[in-house]
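Open the structure in your viewer and keep the selection panel at hand. We will go from the overall fold to the interior, one stop at a time.

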Amino acid sequence: MKFQKTVRYYCRGLLKRWGFLPAGMVLVVIELTLLINGCGETQHTYYKSGKKIQTTASSVEIRSQLSEFGGLFTSRTKSAAYQIDQIVKDPKIQKMTILWRTRATAAINNILEQSEPMPSLIDSWCLCVRLRRYFEEGLGSNFFGDAQQIAVDASFELENNIKDLARAVLNEDLFQETQNNVHNFALANPIQTGFARTMIYATETRTDQPNPFVSALNIPLSPFKALRGVDQTPAAIYDFSSATRQLTNVVEELPESTRWQLLMLLYDMEETNVSQ
């Protein structure tokens, strides 16, 4: 902070000597350099159960990591489903792989569209645990026959990836507490037959019961507070860029998604008495 004040003091001198435009450009370059190097990031403190816990988590960093995870989730799901389709040629099983791709990718896209990063992180974690339990021991544990392990391995990989992200963000005590709550939620809210109820928000606020994730959700994520006057600009730029990327992804996925829906319709028609 002292360094920043010193820099700004000299920039004011430059403003008087050089004029607004040259001095302003120098100030902008310095501010961006401080921002990129993390000098403007403050360490936040919150209290839980009488213990003082600190975090330096950045909301923009978490959103960036979640965006990468969303791409990994989609590509890994598609590749695993494709592997199963190559091994098992049964139309009923291929119908299940289509359901998996469409419902899982739609769920992760909806989860990542939330305005705050922590709910997206926790809901993504819950989704991955629920999918892994579904394929390993739940109602989807016998969907893919001899190729079942492919789905189990893919879901384990995604669960470990999102868990690593959560561990990097949360204090160890809070990580363990949140992990227990995630598994409890997954146990109480299993995915149903045919991938029904894949999309559930674990962090949704309800009046009839307390939210078990409130401690993690209340972590303050305001990394640009030290740079007053420009504190919202990086987040706003990222939000715009993120929204643009999500829209681009949705448009790019439309042909593939349409093809999946048409295949689903054909499989459904094959099972009707009229078609037979």
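The tour below starts with the whole chain and ends at a single residue.

**Stop 1: the whole chain.** Please keep in mind that this is a predicted model. Colour by secondary structure: you should find nine helices and two strands. Following the chain from the N terminus, the order is α-α-β-β-α-α-α-α-α-α-α. The protein has 276 residues, and 42% of them count as buried. Now switch on a surface. About 15,700 Å² is exposed, with carbon and sulfur atoms supplying 56% of that area. If you draw contacts between residues with a separation of 6 or more, 71% of them join residues 24 or more positions apart.

**Stop 2: the nonpolar core.** Next, select Phe73, Trp100, Phe135 and Phe144 and show their side chains; these are the residues with the most contacts inside the largest nonpolar core, a set of 53 residues. Which elements give two or more residues to this core? They are H3, helix H4 (91-112), H5, H6 and helix H7 (172-188). Of these, H5 gives the most, with 11 residues.

**Stop 3: Phe73.** Centre the view on Phe73 and leave aside residues up to four places away in sequence. The contacts of Phe73 are then Ala104, Thr105, Ile108, Leu127, Cys128, Leu131 and Leu158.

**Stop 4: the cavity.** Stay with Phe73, as this residue also belongs to the lining of the largest cavity. A search of the whole structure turns up one cavity of 30 Å³ or more, and the largest cavity holds about 50 Å³ of space. To see its walls, select Phe73, Thr77, Trp100, Cys128, Leu131, Phe135, Ala154, Ser155 and Leu158. Colour this selection by class and you get seven nonpolar residues, two polar ones and no charged ones. Which helices each supply at least two residues of this lining? Show helix H3 (59-87), helix H5 (117-136) and helix H6 (148-169) to find them.

**Stop 5: Glu159.** Finally, move along helix H6 to Glu159. Is Glu159 buried or exposed? Its relative accessible area is 5%, so Glu159 is buried, the cut-off being under 20%. Again setting aside residues up to four places away in sequence, select what Glu159 touches: Cys128, Val129, Arg132 and His183. Cys128 links the last stops nicely, since this residue touches Glu159, touches Phe73 and lines the largest cavity.

Methods: Residues numbered from 1 in each chain as written. Predicted model: local features only at pLDDT ≥ 70, side-chain atom pairs only at ≥ 80, totals over all residues. Heavy atoms only, no water. Helix = DSSP H or I, 4+ residues; strand = E, 2+ residues; numbered from the N terminus. Buried < 20%, exposed > 50% of the residue type's maximum accessible area, 1.4 Å probe, protein only. Contact = heavy atoms within 4.5 Å. Areas by Shrake-Rupley, 256 points an atom, 1.4 Å probe, with all protein chains shown as cover. 1 Å grid on protein atoms, 1.4 Å probe; cavity = no way out; pocket = protein on both sides within 12 Å on 5 of 7 lines; lining within 4 Å. Points joined across faces, edges and corners; volume = space filled by probe spheres on them. Nonpolar A, V, L, I, M, F, W, Y, C, P; charged D, E, K, R; others polar. Core = buried A, V, L, I, M, F, W, Y, C linked by side-chain atoms within 4.5 Å.
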